[in-house]
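Colleague: I am new to this structure and would love a close look at one part of it, taken slowly. Could you pick a good starting residue, tell me about its surroundings, and then lead me outward from there?

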Amino acid sequence: MIVRAIGSYYSVRTAEGETFQCRARGRLKKDGISPAVGDRVEFTVHSGTEGVLETVAERDTYLARPPVANVDQVVIVCAPQNPPLSLQLLDRLLVLAENRNLCALICLNKDDLPHDKEEEYLHTLYGRAGYKLLVTSAKLGRGISELQRELCDRVSVLAGPSGVGKSSLLNRIQPGLRLRTGEISEKLKRGKHTTRHVELLSLDCGGLVADTPGFSQLDLTDVKREDLPLCFPEFVQIAHHCRFAGCMHKSEPDCAVKEAVASGEVAKSRYEHYLVFLEEVTAQERSY
Ligand code: GDP
Ligand code: ZN
(Lines give C-alpha, C1' and ligand atoms only; values in the text may rest on other atoms or scores of the structure.)
(Ligands and ions follow the chains in the order given, each with its own letter.)
Protein backbone atom coordinates (compact mmCIF):
# COMPACT_ATOMS: atom_id res chain seq x y z
CA MET A 1 0.00 0.00 0.00
CA ILE A 2 1.21 3.51 -0.77
CA VAL A 3 1.57 5.22 2.58
CA ARG A 4 3.21 8.43 1.46
CA ALA A 5 3.15 10.51 -1.69
CA ILE A 6 5.44 13.47 -2.27
CA GLY A 7 5.15 14.77 -5.79
CA SER A 8 5.75 11.69 -7.93
CA TYR A 9 7.64 9.76 -5.26
CA TYR A 10 5.77 7.08 -3.39
CA SER A 11 6.57 5.16 -0.23
CA VAL A 12 5.13 1.68 -0.45
CA ARG A 13 4.68 -0.47 2.64
CA THR A 14 4.55 -4.23 2.14
CA ALA A 15 2.49 -6.66 4.17
CA GLU A 16 5.73 -7.65 5.92
CA GLY A 17 6.21 -4.08 7.07
CA GLU A 18 9.08 -3.16 4.74
CA THR A 19 9.07 0.21 3.01
CA PHE A 20 10.19 0.82 -0.59
CA GLN A 21 10.64 4.14 -2.36
CA CYS A 22 9.04 4.00 -5.76
CA ARG A 23 8.43 6.04 -8.87
CA ALA A 24 5.55 5.23 -11.16
CA ARG A 25 6.08 3.38 -14.41
CA GLY A 26 5.48 5.83 -17.28
CA ARG A 27 2.76 3.60 -18.66
CA LEU A 28 0.58 4.27 -15.60
CA LYS A 29 0.49 7.97 -16.43
CA LYS A 30 -0.31 7.20 -20.06
CA ASP A 31 -3.23 5.11 -18.86
CA GLY A 32 -4.46 8.10 -16.85
CA ILE A 33 -3.69 6.48 -13.51
CA SER A 34 -2.42 8.80 -10.83
CA PRO A 35 -1.34 6.71 -7.83
CA ALA A 36 -2.47 7.99 -4.43
CA VAL A 37 -1.88 7.26 -0.80
CA GLY A 38 -4.00 4.24 0.17
CA ASP A 39 -3.64 2.58 -3.23
CA ARG A 40 -2.80 -1.11 -3.24
CA VAL A 41 -0.04 -1.57 -5.76
CA GLU A 42 2.35 -4.02 -7.36
CA PHE A 43 5.93 -2.94 -7.87
CA THR A 44 9.26 -4.34 -8.99
CA VAL A 45 12.30 -3.94 -6.79
CA HIS A 46 15.20 -2.33 -8.58
CA SER A 47 17.87 -2.03 -5.98
CA GLY A 48 17.83 -2.22 -2.22
CA THR A 49 14.74 -0.36 -1.12
CA GLU A 50 13.95 1.27 -4.47
CA GLY A 51 11.37 0.16 -6.92
CA VAL A 52 8.95 1.00 -9.71
CA LEU A 53 5.15 0.92 -9.43
CA GLU A 54 3.70 -1.39 -12.03
CA THR A 55 -0.02 -1.67 -11.32
CA VAL A 56 -2.60 0.02 -9.14
CA ALA A 57 -5.50 -2.11 -7.91
CA GLU A 58 -9.05 -0.92 -8.44
CA ARG A 59 -10.13 1.46 -5.68
CA ASP A 60 -13.06 0.87 -3.34
CA THR A 61 -13.34 4.57 -2.56
CA TYR A 62 -11.53 7.70 -3.58
CA LEU A 63 -11.27 11.03 -1.86
CA ALA A 64 -10.09 13.68 -4.31
CA ARG A 65 -9.02 16.58 -2.11
CA PRO A 66 -6.67 15.48 -0.65
CA PRO A 67 -6.10 12.43 -2.87
CA VAL A 68 -6.50 9.32 -0.71
CA ALA A 69 -7.68 5.97 -2.03
CA ASN A 70 -9.54 3.21 -0.19
CA VAL A 71 -10.58 5.33 2.78
CA ASP A 72 -12.93 3.36 5.04
CA GLN A 73 -14.25 6.20 7.13
CA VAL A 74 -14.28 9.89 7.72
CA VAL A 75 -14.24 11.19 11.27
CA ILE A 76 -15.96 14.55 11.22
CA VAL A 77 -14.63 16.58 14.10
CA CYS A 78 -16.54 19.51 15.54
CA ALA A 79 -16.50 21.48 18.77
CA PRO A 80 -19.17 23.19 20.88
CA GLN A 81 -17.23 26.46 20.56
CA ASN A 82 -13.89 27.84 19.29
CA PRO A 83 -14.94 27.55 16.47
CA PRO A 84 -18.70 27.66 17.09
CA LEU A 85 -20.64 24.55 16.10
CA SER A 86 -22.10 24.83 12.60
CA LEU A 87 -24.73 22.21 11.89
CA GLN A 88 -24.84 23.25 8.26
CA LEU A 89 -21.13 22.59 7.88
CA LEU A 90 -21.55 19.26 9.66
CA ASP A 91 -24.37 18.28 7.28
CA ARG A 92 -22.30 19.38 4.29
CA LEU A 93 -19.39 17.17 5.36
CA LEU A 94 -21.78 14.28 5.92
CA VAL A 95 -23.18 14.73 2.40
CA LEU A 96 -19.66 14.76 0.93
CA ALA A 97 -18.86 11.55 2.81
CA GLU A 98 -22.12 9.81 1.83
CA ASN A 99 -21.68 10.83 -1.79
CA ARG A 100 -18.34 9.03 -1.84
CA ASN A 101 -19.77 6.01 -0.04
CA LEU A 102 -17.61 6.58 3.01
CA CYS A 103 -18.70 5.73 6.53
CA ALA A 104 -18.96 8.83 8.66
CA LEU A 105 -18.48 9.21 12.37
CA ILE A 106 -19.06 12.42 14.28
CA CYS A 107 -16.63 13.46 16.98
CA LEU A 108 -17.56 16.31 19.29
CA ASN A 109 -14.24 17.47 20.69
CA LYS A 110 -13.48 20.12 23.35
CA ASP A 111 -15.92 18.46 25.71
CA ASP A 112 -14.11 20.33 28.50
CA LEU A 113 -15.48 23.65 27.24
CA PRO A 114 -18.89 24.72 28.51
CA HIS A 115 -21.71 23.43 26.36
CA ASP A 116 -25.36 23.32 27.23
CA LYS A 117 -27.27 21.09 24.93
CA GLU A 118 -24.93 20.45 22.02
CA GLU A 119 -24.03 16.93 23.03
CA GLU A 120 -27.57 15.79 23.69
CA TYR A 121 -28.72 17.63 20.61
CA LEU A 122 -26.19 15.95 18.37
CA HIS A 123 -27.02 12.58 19.87
CA THR A 124 -30.70 12.80 19.07
CA LEU A 125 -30.30 14.64 15.79
CA TYR A 126 -27.66 12.41 14.26
CA GLY A 127 -28.31 9.19 16.16
CA ARG A 128 -31.69 9.13 14.46
CA ALA A 129 -29.97 9.47 11.09
CA GLY A 130 -27.78 6.50 12.02
CA TYR A 131 -24.51 8.25 12.80
CA LYS A 132 -22.30 7.36 15.71
CA LEU A 133 -21.26 10.20 17.97
CA LEU A 134 -18.09 10.24 20.03
CA VAL A 135 -17.47 12.89 22.66
CA THR A 136 -13.82 13.74 23.32
CA SER A 137 -11.52 16.23 24.92
CA ALA A 138 -8.01 16.21 23.48
CA LYS A 139 -7.11 18.59 26.26
CA LEU A 140 -8.16 16.31 29.11
CA GLY A 141 -7.69 13.00 27.32
CA ARG A 142 -11.38 12.20 27.54
CA GLY A 143 -12.90 9.75 25.02
CA ILE A 144 -9.53 9.11 23.38
CA SER A 145 -9.52 5.32 23.78
CA GLU A 146 -13.00 5.16 22.24
CA LEU A 147 -11.80 7.19 19.27
CA GLN A 148 -8.68 5.06 18.98
CA ARG A 149 -10.79 1.91 18.88
CA GLU A 150 -12.72 3.35 15.91
CA LEU A 151 -9.49 4.00 14.02
CA CYS A 152 -7.99 0.52 14.39
CA ASP A 153 -7.77 -1.80 11.41
CA ARG A 154 -9.03 0.73 8.91
CA VAL A 155 -8.03 3.73 6.87
CA SER A 156 -9.48 6.94 8.22
CA VAL A 157 -9.45 10.58 7.36
CA LEU A 158 -10.28 13.33 9.80
CA ALA A 159 -12.35 16.23 8.53
CA GLY A 160 -13.78 19.38 10.03
CA PRO A 161 -13.03 23.07 10.25
CA SER A 162 -9.65 24.38 11.30
CA GLY A 163 -9.24 24.76 15.04
CA VAL A 164 -11.58 21.99 16.23
CA GLY A 165 -8.63 19.89 17.44
CA LYS A 166 -7.90 17.34 14.72
CA SER A 167 -4.11 17.43 15.19
CA SER A 168 -4.50 17.50 18.96
CA LEU A 169 -6.66 14.35 18.82
CA LEU A 170 -4.13 12.52 16.64
CA ASN A 171 -1.34 13.50 18.99
CA ARG A 172 -3.35 12.16 21.90
CA ILE A 173 -4.07 8.89 20.13
CA GLN A 174 -0.43 8.36 19.41
CA PRO A 175 1.99 10.82 20.99
CA GLY A 176 4.84 9.49 18.82
CA LEU A 177 3.21 11.03 15.76
CA ARG A 178 4.21 14.45 17.09
CA LEU A 179 2.04 16.42 14.73
CA ARG A 180 2.46 20.04 15.50
CA THR A 181 -0.80 21.57 16.61
CA GLY A 182 -2.18 23.52 13.72
CA GLU A 183 0.02 21.64 11.31
CA ILE A 184 -2.58 19.70 9.42
CA SER A 185 -4.68 22.78 8.89
CA GLU A 186 -1.64 24.81 7.83
CA LYS A 187 -1.12 22.43 4.94
CA LEU A 188 -4.42 23.47 3.47
CA LYS A 189 -3.65 27.17 3.63
CA ARG A 190 -0.34 26.77 1.84
CA GLY A 191 -2.32 25.34 -1.03
CA LYS A 192 -0.91 24.81 -4.45
CA HIS A 193 2.54 26.26 -3.98
CA THR A 194 3.98 23.37 -2.06
CA THR A 195 4.63 19.91 -3.35
CA ARG A 196 1.61 17.79 -2.71
CA HIS A 197 2.36 15.66 0.30
CA VAL A 198 -0.08 13.24 1.84
CA GLU A 199 0.86 10.60 4.33
CA LEU A 200 -0.95 7.78 6.05
CA LEU A 201 0.23 7.59 9.65
CA SER A 202 0.41 4.09 11.12
CA LEU A 203 -1.17 3.65 14.51
CA ASP A 204 0.15 0.95 16.83
CA CYS A 205 -3.26 -0.70 16.81
CA GLY A 206 -2.94 -1.29 13.07
CA GLY A 207 -5.05 1.57 11.77
CA LEU A 208 -3.94 4.16 9.26
CA VAL A 209 -4.95 7.78 9.39
CA ALA A 210 -4.23 10.54 6.88
CA ASP A 211 -2.11 13.43 8.14
CA THR A 212 -4.13 15.85 6.03
CA PRO A 213 -7.79 16.64 6.68
CA GLY A 214 -10.34 15.42 4.18
CA PHE A 215 -12.65 17.60 2.09
CA SER A 216 -10.45 20.63 1.75
CA GLN A 217 -13.04 21.87 -0.70
CA LEU A 218 -16.57 22.08 0.56
CA ASP A 219 -18.52 22.73 -2.61
CA LEU A 220 -20.91 20.05 -3.77
CA THR A 221 -19.62 19.99 -7.36
CA ASP A 222 -19.36 16.23 -7.42
CA VAL A 223 -22.85 15.65 -6.04
CA LYS A 224 -25.48 14.94 -8.70
CA ARG A 225 -28.88 16.48 -8.04
CA GLU A 226 -30.70 13.14 -8.00
CA ASP A 227 -28.12 11.70 -5.62
CA LEU A 228 -28.56 14.38 -2.98
CA PRO A 229 -31.62 12.75 -1.28
CA LEU A 230 -29.56 9.53 -1.05
CA CYS A 231 -26.96 11.37 1.01
CA PHE A 232 -29.44 11.73 3.89
CA PRO A 233 -29.79 8.21 5.34
CA GLU A 234 -32.88 9.04 7.37
CA PHE A 235 -34.65 10.25 4.19
CA VAL A 236 -33.70 7.05 2.38
CA GLN A 237 -35.34 4.99 5.11
CA ILE A 238 -38.76 6.54 4.49
CA ALA A 239 -38.60 7.71 0.87
CA HIS A 240 -40.39 4.57 -0.35
CA HIS A 241 -43.51 6.02 1.30
CA CYS A 242 -43.38 9.10 -0.95
CA ARG A 243 -46.04 9.05 -3.65
CA PHE A 244 -43.50 9.48 -6.44
CA ALA A 245 -40.46 7.34 -7.03
CA GLY A 246 -37.50 9.68 -7.31
CA CYS A 247 -39.26 12.25 -5.11
CA MET A 248 -36.94 15.19 -4.39
CA HIS A 249 -38.88 15.94 -1.18
CA LYS A 250 -39.41 19.54 -2.17
CA SER A 251 -42.71 20.47 -3.80
CA GLU A 252 -44.08 17.00 -4.58
CA PRO A 253 -47.44 16.09 -3.00
CA ASP A 254 -47.69 13.23 -0.46
CA CYS A 255 -44.02 13.36 0.41
CA ALA A 256 -43.16 11.12 3.37
CA VAL A 257 -40.02 13.11 4.16
CA LYS A 258 -41.92 16.40 4.42
CA GLU A 259 -44.51 14.67 6.60
CA ALA A 260 -41.76 13.30 8.83
CA VAL A 261 -40.29 16.78 9.17
CA ALA A 262 -43.71 18.14 10.14
CA SER A 263 -44.20 15.43 12.77
CA GLY A 264 -40.70 15.95 14.16
CA GLU A 265 -39.52 12.50 13.15
CA VAL A 266 -36.90 13.98 10.83
CA ALA A 267 -34.90 16.89 12.21
CA LYS A 268 -35.93 20.27 10.84
CA SER A 269 -32.33 21.48 10.58
CA ARG A 270 -31.35 18.47 8.49
CA TYR A 271 -34.23 19.12 6.10
CA GLU A 272 -33.47 22.86 5.91
CA HIS A 273 -29.87 22.13 5.03
CA TYR A 274 -31.04 19.61 2.46
CA LEU A 275 -33.02 22.39 0.76
CA VAL A 276 -29.99 24.70 0.84
CA PHE A 277 -27.83 22.02 -0.78
CA LEU A 278 -30.56 21.20 -3.31
CA GLU A 279 -30.53 24.85 -4.45
CA GLU A 280 -26.77 24.66 -4.73
CA VAL A 281 -26.62 21.49 -6.83
CA THR A 282 -29.55 22.62 -8.98
CA ALA A 283 -27.85 25.94 -9.78
CA GLN A 284 -24.68 24.02 -10.55
CA GLU A 285 -26.38 21.72 -13.04
CA ARG A 286 -28.03 24.67 -14.76
CA SER A 287 -24.71 26.39 -15.25
CA TYR A 288 -23.23 23.45 -17.19
P1 GDP B 1 -7.02 21.51 14.00
O2 GDP B 1 -6.90 22.77 13.22
O3 GDP B 1 -8.38 20.91 13.84
O4 GDP B 1 -5.94 20.53 13.74
O5 GDP B 1 -6.95 21.92 15.55
P6 GDP B 1 -5.70 21.88 16.55
O7 GDP B 1 -5.42 20.51 17.01
O8 GDP B 1 -4.59 22.65 15.92
O9 GDP B 1 -6.30 22.69 17.80
C10 GDP B 1 -6.72 24.05 17.70
C11 GDP B 1 -6.68 24.67 19.08
O12 GDP B 1 -7.65 24.06 19.94
C13 GDP B 1 -5.35 24.52 19.78
O14 GDP B 1 -5.08 25.71 20.48
C15 GDP B 1 -5.58 23.38 20.76
O16 GDP B 1 -4.76 23.45 21.90
C17 GDP B 1 -7.05 23.56 21.11
N18 GDP B 1 -7.71 22.30 21.49
C19 GDP B 1 -7.64 21.11 20.85
N20 GDP B 1 -8.38 20.18 21.48
C21 GDP B 1 -8.95 20.78 22.55
C22 GDP B 1 -9.84 20.34 23.59
O23 GDP B 1 -10.27 19.17 23.67
N24 GDP B 1 -10.23 21.27 24.49
C25 GDP B 1 -9.79 22.56 24.44
N26 GDP B 1 -10.22 23.40 25.38
N27 GDP B 1 -8.95 23.00 23.49
C28 GDP B 1 -8.53 22.14 22.56
ZN1 ZN C 1 -40.57 12.79 -0.83
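Modeller: Happy to! Let us start at Cys205, which is in contact with Gln148, Cys152 and Asp153 once its neighbours within four places in sequence are left aside. Please keep in mind that this is a predicted model. Cys205 itself sits in the loop that runs between β12 (197-202) and β13 (208-210). Is this residue buried or exposed? Its relative accessible area is 26%, so Cys205 counts as partly exposed, since that class lies between the 20% limit for buried and the 50% limit for exposed. Another residue to look for from here is Gln174: the two C-alpha atoms are 9.8 Å apart, while 31 residues separate Cys205 and Gln174 in sequence.

Now follow two of those contacts of Cys205, Gln148 and Asp153. Asp153 belongs to the loop between α4 and β11 (155-159). Its phi is near 60°, a positive value in a residue other than glycine. With a relative accessible area of 64%, Asp153 is exposed. There is a second case to view beside it: Asn101, too, has a positive phi near 60° without being glycine. You will find Asn101 in the loop between α2 and β9 (103-108), and at a relative accessible area of 65% it is exposed.

Gln148 takes us to a pair of helices. It is one of the α4 residues that meet α5; with it on the α4 side are Ile144, Leu147 and Leu151, and the α5 side brings Leu169, Arg172 and Ile173. Sorted by kind, the residues of this contact are five nonpolar, one polar and one charged. How do the two helices cross? Helix α4 spans residues 144-151 and helix α5 spans 166-173, and they pack at about 85° with 10 Å between their axes. The helices α4 and α5 are therefore roughly perpendicular to each other, because angles from 65 to 115 degrees fall in that class.

From here, let us turn to the metal site. Which residues hold the zinc ion (ligand 2)? Its protein donors are Cys242 and Cys247 through SG, His249 through ND1, and Cys255 through SG, at 2.1 to 2.4 Å from the ion. Along the chain, these donors follow the spacing C-x4-C-x1-H-x5-C. The angles among the four donor atoms run from 104 to 115°, and the site is tetrahedral. For comparison, the ideal angle for four tetrahedral donors is 109.5 degrees. Two of the donors, Cys242 and Cys247, are both buried.

Two other residues give you a view of buried positions. Ala36, in the loop between α1 (26-30) and β4 (41-47), has a relative accessible area of 3% and is buried. Beyond its neighbours within four places in sequence, Ala36 is in contact with Ile2, Arg59, Tyr62, Pro67 and Ala69. Ser269, in helix α9 (residues 268-286), is also buried, at 12% relative accessibility. Its contacts, with the same sequence neighbours left aside, are Leu87, Asp91, Tyr121 and Leu125.

Finally, have a look at the backbone at two prolines. Arg65 and Pro66 are joined by a cis peptide bond with omega about 0°, and Pro66 lies in the loop between β6 (62-63) and β7 (68-69). The bond from Asn82 to Pro83 is cis as well, with omega near -5°; Pro83 is in the loop between β8 (73-78) and α2 (87-99).

Conventions. Residues numbered from 1 in each chain as written. Chains lettered and ligands numbered in written order. Predicted model: local features only at pLDDT ≥ 70, side-chain atom pairs only at ≥ 80, totals over all residues. Heavy atoms only, no water. Donors = N, O, S within 2.8 Å, 3.2 Å for Na, K, Ca; no water. Tetrahedral: all angles 85-135°; square planar, octahedral: opposite > 155°, others 65-115°. Buried < 20%, exposed > 50% of the residue type's maximum accessible area, 1.4 Å probe, protein only. Axes fitted to C-alpha atoms, helices over the stretch in contact; angles between N-to-C directions. Helix = DSSP H or I, 4+ residues; strand = E, 2+ residues; numbered from the N terminus. Parallel < 35°, antiparallel > 145°, perpendicular 65-115°, else oblique. Contact = heavy atoms within 4.5 Å. Nonpolar A, V, L, I, M, F, W, Y, C, P; charged D, E, K, R; others polar.
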